[in-house]
Structures are given as C-alpha cells and as structure tokens.
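The following exercises concern strand pairing, backbone angles, aromatic contacts and helix burial. Please work through each task before reading its solution.

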Amino acid sequence: MIGLRIEDLKSFTFGLFMGESFDRWLLREASITTFNVFTIDGRIRRGYFTEQETEEKQIGELSPWKLVRPFCFSLIRGKRLPESFRITLQLPPAEVKRFLLSVQPDFNEDQVGGLYLNIRYEDQILHCVTGVSLNVFTLDKRIEQGWDGEVKQYLKEKGIAYSEV
C-alpha cells in the first residue's frame with residue numbers, strides 16, 4: 001500500500017469525471033460532499049436488470065465507473081468545489097488475471113478479493129492510496145508491491161503527476 005499525492009488536481013479530476021481515464025475500473029463505493037453528503041454503493045442490485053441484459057452487457061457484481069461517472073460529475077459540477085469526495089475503484093476480474101500473470105503467475109485470481117485505488121479529495125488536496133485484499137494469508141509481498149508499481153505506471157501513462165507521501 002502506498003499513498004500518492006496528485007500534483008495536478010485539475011487534469012486528474014478531468015480524467016476522472018469527464019474523461020475516460022478510469023472507465024475500465026469498477027466502482028466499489030463513492031461519497032461526495034457538497035451541500036449534502038451523497039453516498040453511492042457500487043454493487044449492482046440483482047433484479048434490476050433482466051437476465052438477458054446482464055448477459056449482453058456483461059454486468060457483474062459492481063458497476064463500471066463509466067456508468068456511474070456522469071452521476072458523480074453532476075454532483076460536483078458548478079461554481080463551488082465539493083468539500084470532499086472519496087471514491088474506491090476496483091480493478092475488473094479480467095484485469096486482475098492479466099496483472100497476476102505479470103507479477104505472480106502461480107497465484108490464482110480467485111485468491112484475490114480485490115485490487116483497489118482509493119481516491120480521496122479533502123482540503124483541496126487529492127490523494128490516491130493503493131489497496132490489496134487477498135482471500136488467503138501469505139507473507140509474500142509481490143502482489144502488493146506489483147500493484148503499487150502498476151498504479152504508478154498507470155498514472156504515468158495517463159500523464160498524471162504525483163509524489164509519494
């Protein structure tokens with residue numbers, strides 16, 4: 001787990017709320033504070049979509065960020081900045097499999113509970129914190145270290161400047 005302070009708030013929030021920088025990720029949860037606190041649970045409500053829609057759109061347990069992004073943007077846009085927001089994004093299962101093949105091929109993707117990017121904006125400072133949830137106990141830190149590196153590389157590819165804290 002590492003903490004990263006985002007240096008260019010404007011470009012990061014543009015990519016997050018209006019661009020496609022994080023569209024491949026899944027939303028675990030979000031909380032946006034403006035004149036109220038708005039909380040979004042990213043879990044898909046079973047029964048809302050038909051079985052056919054679920055199969056056709058490949059809808060899983062969590063909402064794609066791309067689907068929820070416009071709602072979140074509508075909450076923060078305007079003349080005033082939000083007081084704060086917290087967004088937890090999770091890497092999709094197919095991406096977890098790809099990541100494990102590059103970092104620890106003998107590790108089964110079913111043993112990974114989630115690979116997370118926690119985004120926190122507060123007091124006009126934006127931080128990203130990586131997180132790993134494993135379903136098994138291991139002393140091996142290759143997955144955590146690999147995930148930290150993967151997130152830093154991802155931000156560099158998106159042109160997002162950061163510093164480690």
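**Exercise 1: The S6–S7 hairpin**

Aspartate 123 is exposed, with a relative accessible area of 65%; exposed means over 50%, buried under 20% and partly exposed in between, with a 1.4 Å probe and protein chains only. The model is predicted, so local features need pLDDT of at least 70 and side-chain atom pairs count only at pLDDT 80 or more, while totals for chains, interfaces and linings use all residues. Residues are numbered from 1 along each chain as its sequence is written, and side-chain values use heavy atoms, leaving out hydrogens and water.

Task. Describe the loop between S6 and S7 and the strands around it.

Solution.
- Step 1. Helices (H or I, at least four residues) and strands (E, at least two) are DSSP runs, numbered from the N terminus. Two strands pair if DSSP finds at least two bridges between them.
- Step 2. Strand S7 (residues 125-134) runs antiparallel to S6, and ten bridges join the two. Valine 112 stands opposite leucine 134 in S7.
- Step 3. S6 (residues 112-122) is also joined to strand S5 (residues 84-90), by seven bridges and again in antiparallel fashion. Here glutamine 90 faces tyrosine 116 of S6 as its opposite residue.
- Step 4. The hairpin of S6 and S7 has two residues between the strands. Most residues other than glycine have a negative phi. Aspartate 123, not a glycine, nevertheless has a positive phi of about 55 degrees.
- Step 5. Glutamine 124 also lies in the loop between S6 and S7. Its phi is positive, near 60 degrees, and glutamine 124 is exposed at a relative accessible area of 60%.

**Exercise 2: Aromatic pairs**

Task. Which kind of aromatic pair do phenylalanine 17 and phenylalanine 85 form?

Solution.
- Step 1. Rings of Phe, Tyr and Trp (its six-membered ring) pair if their centres lie within 6.5 Å; planes under 30 degrees apart count as stacked, over 60 as edge-to-face and the rest as tilted. The count by this rule is eleven aromatic pairs.
- Step 2. Phenylalanine 17 and phenylalanine 85 are 5.3 Å apart centre to centre, with 90 degrees between the planes, and the pair is edge-to-face.
- Step 3. Because phenylalanine 17 lies in helix H1 (residues 9-17) and phenylalanine 85 in strand S5, the pair ties together parts that are 68 residues apart in sequence.
- Step 4. Phenylalanine 17 is buried at 2% relative accessibility, and phenylalanine 85 is buried at 3%.
- Step 5. The pair of phenylalanine 22 and tryptophan 25 has centres 6.4 Å apart and planes at 55 degrees, so it is tilted. Both of these residues are buried.
- Step 6. One aromatic cluster is formed by Phe12, Phe22, Trp25, Phe99, Trp147 and Tyr154.

**Exercise 3: Buried residues of two helices**

Task. Where around the axis of H3 do its buried residues lie, and what covers them?

Solution.
- Step 1. Helix H3 (residues 65-76) has twelve residues and reaches 16 Å from its first C-alpha to its last, close to the 16 Å expected; the expected span is 1.5 Å times one less than the number of residues.
- Step 2. Trp65, Val68, Arg69, Cys72 and Ile76 are the buried residues of H3. They cover an arc of only 125 degrees around the axis, so they are on the same side of H3; the arc is that of the directions from the helix axis to the C-beta atoms.
- Step 3. Their cover includes H1, strand S2 (26-33), strand S3 (37-41), strand S4 (63-64) and S5, where contact means heavy atoms within 4.5 Å.
- Step 4. Glycine 78, with a positive phi near 140 degrees, follows H3.
- Step 5. For H1, the buried residues are Phe12, Gly15, Leu16 and Phe17. Among the elements covering them are H3, S5 and helix H5 (142-157).
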